[in-house]
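Me: I'm new to this structure and would love a guided look at one part of it. Could you take me slowly through the largest nonpolar core and what surrounds it?

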Amino acid sequence: MISHPSRHCTVELQALPSRIGQVRRIVSAQLRYWHMDSLIDRASLGVTELLSNVHRHARPDKTCTVEIELLLDRLKVSVHDHDPRLPVVADAGPLATCGRGLAMVAAMSESWGVLPDDAGKAVWFTLPTPAAAEPAAWERVPRLTAAGPDRPRFTEVALVDHVAEVHRPEPAPARSAVPG
């Protein structure tokens with residue numbers, strides 16, 4: 001379960017091909033930090049498409065800001081640039097070599113859109129976060145249970161959500177092989 005209602009990460013960059021891969025790695029690392037590994041592939045694909053659009057189409061410059069925001073039930077990824085022109089979802093033919101980016105973002109996301117502002121626009125998409133009903137793996141504790149009379153040599157390990165009392169042995173005093 002997410003303990004904070006909202007989390008942000010912001011990166012400002014020039015949307016150049018060499019920087020797009022770096023931002024993809026930053027987004028992946030941030031999602032791993034938030035324990036949202038299942039969103040990495042789709043978030044990386046979406047941010048790549050949005051940054052590629054800034055690189056191809058934005059004027060007067062390629063400066064942009066990528067923002068990822070983790071809410072309670074969704075991840076929001078947005079790319080802000082300084083070009084006031086709004087993107088258009090192209091109807092790319094089967095032999096077209098480009099023009100499918102926004103359609104792909106629309107297909108893989110929960111929702112997407114464009115917000116024009118005085119400084120340009122923000123193109124965004126959202127992804128649903130994994131269900132919070134089941135505790136995350138790092139919140140579960142292994143517990144040993146008896147195997148039963150038919151298999152007395154084995155012990156089963158079950159993951160439980162809460163442990164009433166955890167016995168932790170006292171740490172042993174440190175000893176050194178070096179005299180003194």
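Reply: Here is a walk through the core, starting with the chain as a whole and ending at the pocket.

Please keep in mind that this is a predicted model. The protein chain has three helices and seven strands, and along the sequence they follow the pattern β-α-α-β-β-α-β-β-β-β. Of its 180 residues, 33% count as buried. Among contacts between residues at least 6 apart in sequence, 57% join residues at least 24 apart.

Now to the core itself. In soluble globular proteins, nonpolar side chains tend to be buried together. Here, the largest nonpolar core has 31 residues. If you would like some names to look for, Val-23, Leu-31, Trp-34, Val-47, Leu-51, Leu-75 and Val-79 have the most contacts inside this core. Two or more residues each come from strand 1 (7–14), helix 1 (17–33), helix 2, strand 2, strand 3, helix 3 and strand 5. Helix 2 gives the most, with six residues.

Trp-34 is a good place to pause. Leaving aside neighbours within four places in sequence, Trp-34 is in contact with Arg-7, His-8 and Cys-9, and also with Ile-68, Leu-70 and Leu-75.

Two of those partners, Leu-70 and Leu-75, lead us to the strands. Leu-70 stands opposite Leu-75 in strand 3. Strand 2 (residues 63–70) and strand 3 (residues 74–81) pair in the antiparallel sense over seven bridges, and the two form a hairpin with three residues between them. Strand 3 also pairs with strand 5 (residues 120–128), again in the antiparallel sense, over eight bridges. In that pairing, Val-77 stands opposite Phe-125 in strand 5.

Finally, some of these elements also help to line a pocket. The largest pocket has a volume of about 470 Å³. Its lining has 23 residues, and those closest to the pocket's centre are Asn-53, His-57, Pro-87, Val-88 and Leu-102. Helix 2 (40–57), strand 3, helix 3 (101–108) and strand 5 each give two or more residues to this lining. Helix 2 gives the most here, with six residues, just as helix 2 gives the most to the core, with six residues. By class, the pocket lining has twelve nonpolar, four polar and seven charged residues.

So if you follow one element on the screen, try helix 2, which gives residues to the core and to the lining of the largest pocket.

How values were computed:
Residues are numbered from 1 along each chain as its sequence is written. This is a predicted model: local features need pLDDT of at least 70, side-chain atom pairs count only at pLDDT 80 or more; totals for chains, interfaces and linings use all residues. Side-chain values use heavy atoms; hydrogens and water are left out. Two strands pair if DSSP finds at least two bridges between them. Helices (H or I, at least four residues) and strands (E, at least two) are DSSP runs, numbered from the N terminus. On a 1 Å grid over the protein atoms alone, a cavity is a set of points where a 1.4 Å probe fits but cannot get out, and a pocket is an open set with protein on both sides within 12 Å along at least five of seven lines; lining residues have an atom within 4 Å of a point. Grid points are joined across faces, edges and corners, and a volume is the space filled by probe spheres set on the points. Ala, Val, Leu, Ile, Met, Phe, Trp, Tyr, Cys and Pro count as nonpolar, Asp, Glu, Lys and Arg as charged, and the others, Gly among them, as polar. A nonpolar core is a set of buried Ala, Val, Leu, Ile, Met, Phe, Trp, Tyr and Cys residues joined through side-chain atoms within 4.5 Å. Buried means under 20% relative accessible area, exposed over 50%, partly exposed in between (1.4 Å probe, protein chains only). Contact means heavy atoms within 4.5 Å.
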